[in-house]
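Student: I should like to learn how to read a structure of this kind, beginning with its chains and ending with its charged pairs. Could we work through an example together?

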Amino acid sequence: MIVLLALLMYQDFTVEVTYTDLLVISTPSVKIDRMVKGIILSSEIKEGTTTTIKKATALIEVSIDESVAFCDSASIVQVGSNYLIDSPGKHKVTIVVIKPKLAFKTVLVELGQGPNPPPDPIDPIIVPNDYGVGQVAYDNAPVDANGHVQFASFYKQAGEFLYGRPSIKIIADVAEPNSVFFWLSQQMDEYPCPSPEICAEWKTWRAKVSAAFVMSQGQRQYTREDWFAAFNEVVIALEVKHE
Amino acid sequence: MSERKLGYAIESENMEVLYSEGKHTETMLKLAGEQYPSQNQYADPAPVCPIKDQDGVGACQGFALSSIFAVCYYLKTSQLLNFSAMGLYILSQKEDGLIGRDVGSTLSGGMRAAAKGICLDEAWPFRDTYDPRIPPVDRPYKLTGSRPTNDPELIDAAIDAGLVVQTGMTWNSELEQEVVTSYTGRGARGGHSTYLFGRKENGNIWHHNSWGLWNQDGRSSWTKQAMRQIVTFRSNTFIIYSPELVYPAPPIIIPEGTQI
């Protein structure tokens, strides 16, 4: 199976263009002394009668510099996608990338197949997730604009209770009547879902957010400020979802 | 109505200990203002000040201090724990040199006991009778109080900062009213220790006792004028506690499988 390096062009980013990226050299041998980005200088063919330079991009020019004293006379001819040097001897071959400002990305492809399609765009929305509950709340929230507003307000008020605003509720078991979780659960139970399907989705959301809280508790020693901040993560997640 | 048990050993109070080992009051208030600025002092504190009853034991100071631990723990974690009142009473007595007799304890003994550490009630429960034995249990919860103050402005500031204040007072019938409006200290029947936390909507300060359903819900309130008179009374002592306590990891509140 023939494998070669191909060049794919994208518009908004730049990658280093290397000799390897540009060419696959056939026999006898070509040594490149040095190169700069996009331009290869002083490539020298030390021996051999015929040298073919295969190019992997159309964006180069290949030429022989005959003005150098120690180099032999020769000419270079493009044959298809290759270049042919017609005489043996030492030659100075200059390879210039014509449009080096264009950005390239190098990927390995197999001949006969097209390049891999770009990956699907990743959802760029990031919500606060220091406590591991914000992202879960965002990812699992149903499509229910009114629900986003309502559930966010429940969690916001839950945080306020911890500071006695307007009254004191504590962090305690969900069965404890003065627990913020008891109150939260009650509020969410009473939310009038627009449909049974949405109701089921909110139920799943509650289970997943609860599980996230369970996990988060095991990872840190929660203070009042931590509980407040964690509740607020849920609030922000739902507000972002709402937008 | 039979007279309730008191238990603040005024005559044994060690002011030198309170001044030398208590935190500087103004510093404590400043820190509290920076760290706990959002507590609504007008919220009814009943949910975090459960009704307690010292019954026939002179453990008022231990009960007040155990409730202070609970309030401070709530301010720190939003959770509620039941701290050992009996433990704090007996350990305070040990510091006072009074252990072995149910004659009460002091605020200085209590401050030292609190700084050395206490356990939860389940590890050292109160059983309605005086028992000076000290069980071999870990006491990981620690709290440091302030120097004593008789400055009404500082007490007001502490309440407004959401902090809790322990009292050691000359107890008389004036303090037994549901709303205390004035105080002269006359007719004293002994020393009693309680605590202050929160304000009523009318600005009165909530005063929490350890006499069960005393005044219906175990508490009274003090008007501003009464508070000034009580706080400035010469033999009364007041210590502020802030939530800067040492404590082990709080219990997991949401167990696995729970759905909020």
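The dialogue below takes up the fold, the interface, one loop residue and the salt bridges in turn.

Student: Before we begin, what kind of model is this?

Tutor: It is a predicted model. With that in mind, we may start from chain A, which has six helices and 10 strands.

Student: How many residues does chain A have, and what share of them counts as buried?

Tutor: Chain A has 243 residues, and 39% of them count as buried. One may then ask how far along the sequence the contacts reach. Among contacts in chain A with a separation of 6 or more, 64% are between residues 24 or more positions apart. As for the surface, chain A exposes about 13100 Å², with carbon and sulfur atoms supplying 56% of that area.

Student: How should I describe the interface between chain A and chain B, and how much area do the two bury?

Tutor: Begin with area, then turn to the residues and elements that supply it. Chain A and chain B bury about 2500 Å² between them, and 57% of this is on carbon and sulfur atoms. On the side of chain A, the residues that lose the most area to chain B are Ile168(A), Gln221(A) and Arg224(A), which together make up 26% of what that side buries. The contact involves 32 residues from chain A and 29 residues from chain B.

Student: Which polar or charged pairs cross the interface of chain A and chain B, and how many are there?

Tutor: Eight residue pairs are in polar contact across the interface, while the count of salt bridges between chain A and chain B is zero. The elements giving two or more residues to the side of chain A that touches chain B are helices H4 (180–189), H5 (196–219) and H6 (224–242) of chain A. H5(A) gives the most, with eight residues. By class, that side has 17 nonpolar, nine polar and six charged residues.

Student: Where does Gln39(B) lie, and what does it touch?

Tutor: For a single residue, I would consider location, burial and partners in that order. Gln39(B) lies in the loop between helix H2 (25–35) and helix H3 (60–77) of chain B. Gln39(B) counts as buried because its relative accessible area, 6%, is under the 20% limit. Its side chain makes polar contacts with the side chains of Arg224(A), at 2.4 Å, and Tyr74(B), at 3.4 Å. Beyond its sequence neighbours up to four places away, Gln39(B) touches residues of both chains, among them Ile168(A), Leu75(B) and Gly162(B).

Student: Is Gly162(B) buried or exposed?

Tutor: Gly162(B) is buried, with a relative accessible area of 3%. This glycine lies in the loop between helix H6 (152–160) and strand S1 (164–171) of chain B. Leaving aside neighbours within four places in sequence, Gly162(B) is in contact with Gln39(B), Leu75(B) and Phe197(B).

Student: Why might one look for salt bridges?

Tutor: Side chains of opposite charge can pair when their charged atoms come close. The whole structure has 14 salt bridges over all chains. One of them joins Asp44(B) and Arg219(B), at 2.8 Å from N to O. Asp44(B) is in the loop between H2 and H3 of chain B and Arg219(B) is in strand S5 (residues 219–222), so the pair ties together parts 175 residues apart in sequence. Asp44(B) is partly exposed at 37% relative accessibility, whereas Arg219(B) is buried at 7%.

Terms used
Residues are numbered from 1 along each chain as its sequence is written. Chains are lettered from A and ligands numbered from 1 in the order in which they are written. This is a predicted model: local features need pLDDT of at least 70, side-chain atom pairs count only at pLDDT 80 or more; totals for chains, interfaces and linings use all residues. Side-chain values use heavy atoms; hydrogens and water are left out. Helices (H or I, at least four residues) and strands (E, at least two) are DSSP runs, numbered from the N terminus. Buried means under 20% relative accessible area, exposed over 50%, partly exposed in between (1.4 Å probe, protein chains only). Contact means heavy atoms within 4.5 Å. A polar contact is a pair of N or O atoms within 3.5 Å; within protein, one must be able to donate a hydrogen and the other to accept it, and residues adjacent in sequence count only if both atoms are side-chain atoms. Accessible areas come from the Shrake-Rupley method with a 1.4 Å probe; for residues, only the protein chains shown count as cover. Buried area is the accessible area (1.4 Å probe) that two parts lose on being put together, summed over both. A salt bridge is a side-chain nitrogen of Lys or Arg within 4 Å of a carboxyl oxygen of Asp or Glu. Ala, Val, Leu, Ile, Met, Phe, Trp, Tyr, Cys and Pro count as nonpolar, Asp, Glu, Lys and Arg as charged, and the others, Gly among them, as polar.
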